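Let's take a walk through this one, mostly by following its charged side chains. Have a look at the model first.

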Amino acid sequence: MPDTLSFRASLIGFALVVLATFQIAAGPALAQSPFSAVRKVGDRVITEYDVAQRITFLEVLNAGAADIRAEAIGRLTEEAVQREHARRLGVRITPDELAEGMAEFASRAQLETDAFVAELEEAGIARETFQSFVEAGLLWRKIVGPELGPTVNVTATDIARARDLAAIRGTKRVLISEIFLPADPQFAEPVAQIIGLIENASSIEEFAAIAREYSLAGSRDSGGRLDWVPLEQLPGQIGGLIGSAVPGQIIGPVELSGAIAFFQLRAVDSTRNIPVAQVKLTYKRLLLPGGRSSETLASYADIRARVQHCNGLDPYAAGLPDGYITDHEALMQSIPQSDAVELARLDRFEMSANTVEGGNLVVLMLCARELEQDPRPTSLQIENSLFNARLGERAQLRLDELIADTMIVDY
């Protein structure tokens, strides 16, 4: 094991170098021409100028990438592949379409195109950089619609499920600890030994001790511990790994710019901010004569085995007096307590029969549990949202396939 004091002094010196690197990352590379090649994607070349421009653009957009240079190169690579695919298909963008696309993007910042471009130019971003970014997106949009749109199907059941309270996405936050180590070749041997310690750490306390001893990060004094972080704020690469981890699990090594990172998940907290007063239930109520008699319970068991949705309950009311099957739609707080307690345990299209009313077994079936919204989203709005989300997922898979089939050379 290397001498701790001398190694730590080297790490501190390295930290200062890394910090200086981050401070100048958005500017042109000092050791290279701004127009020297960084990566060749098919027949297209990405230059240092392109990368520097995209880094600054991402910073203006507050992209929040862990390695912003790698993020910039990755996005430029995607756009190069999109442009080449569009060229092969003969897809083009007209000047009017480009102007409309730029205006649409600028409107997100509540600005006219010229005002938005002026803001970008003040930050050092050329108008052509913005145009190129928008054009690539428009080309890809023109491609994925006809190519992938017909493969996306949204059903009435999908729309109903999307309205269900269970579909409301909650917020997930995580407690993580971090260790950053230098990636410089001169530290390769001691870093390899430290990596071995990290990978063999069997507890949160052991990971913290290693962070205090060796980590480059400013969090090392607290054992690498960070406060609660919303999962969606973490960059995709790290967020995906941490999102699928369990508390205590160590994630890494993750290669970042000039550093090797490890993370440990300490805790997960998921919440859904649902106002109870706005929870609305739709359910059916069927009264079966005979109370808890064996015959009635047998009838209920048969109903439960056969009925898959709320409409399927109606035939079992044939021959019963009027009012023995009823449809209800009400806010949770206004539903009679005897029904509300049972309904609270049910998911969509589940049923329960634990109470008796006037000598009749009460069969309850939950049809929907939704959040009463004002204004309430229309079925068409929900359908469009689901369609766009699914189309986006398939488009990303298609883009990943195209990138995998493209010759990429790094310089």
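A quick bit of vocabulary: a residue is buried under 20% relative accessible area, exposed over 50%, and partly exposed in between. Keep in mind that this is a predicted model. With a relative accessible area of 24%, Asp269 is therefore partly exposed. Its side chain meets that of Arg173 in a salt bridge, 2.9 Å from N to O. Asp269 sits in strand E6 (residues 259-271) and Arg173 in strand E3 (residues 171-182), so this pair ties together parts 96 residues apart in sequence. Arg173 is partly exposed too, at 35%.

That pair belongs to a wider theme, since side chains of opposite charge can pair when their charged atoms come close. Searching the whole structure turns up 21 salt bridges.

Now for the helices. Glu79 and Arg54 form a salt bridge through their side chains at 2.8 Å, N to O. This one links distant parts of the chain, with Glu79 in helix H3 (residues 68-89) and Arg54 in helix H2 (residues 48-60), 25 residues apart. Glu79 has 9% relative accessibility, so it counts as buried, and Arg54, at 3%, counts as buried as well.

Then there's the salt bridge between Glu97 and Lys142, 3.1 Å from N to O. Here helix H4 (residues 95-107) supplies Glu97 and helix H6 (residues 127-148) supplies Lys142, 45 residues apart. Glu97 is partly exposed at 28%, and so is Lys142 at 34%. Elsewhere, Glu84, Arg87 and Arg88 join up in a salt-bridge network.

Finally, something without charges: Met407, Val409 and Tyr411 make a nonpolar surface patch of about 350 Å². Val409 is found in strand E11 (residues 408-410).

Note on methods. Residues are numbered from 1 along each chain as its sequence is written. This is a predicted model: local features need pLDDT of at least 70, side-chain atom pairs count only at pLDDT 80 or more; totals for chains, interfaces and linings use all residues. Side-chain values use heavy atoms; hydrogens and water are left out. Patches are made of residues with over 30% relative accessible area and no salt bridge: like charges are joined within 9 Å, nonpolar side chains (Val, Leu, Ile, Met, Phe, Trp, Tyr) within 5 Å. Accessible areas come from the Shrake-Rupley method with a 1.4 Å probe; for residues, only the protein chains shown count as cover. A salt bridge is a side-chain nitrogen of Lys or Arg within 4 Å of a carboxyl oxygen of Asp or Glu. Helices (H or I, at least four residues) and strands (E, at least two) are DSSP runs, numbered from the N terminus. Buried means under 20% relative accessible area, exposed over 50%, partly exposed in between (1.4 Å probe, protein chains only).
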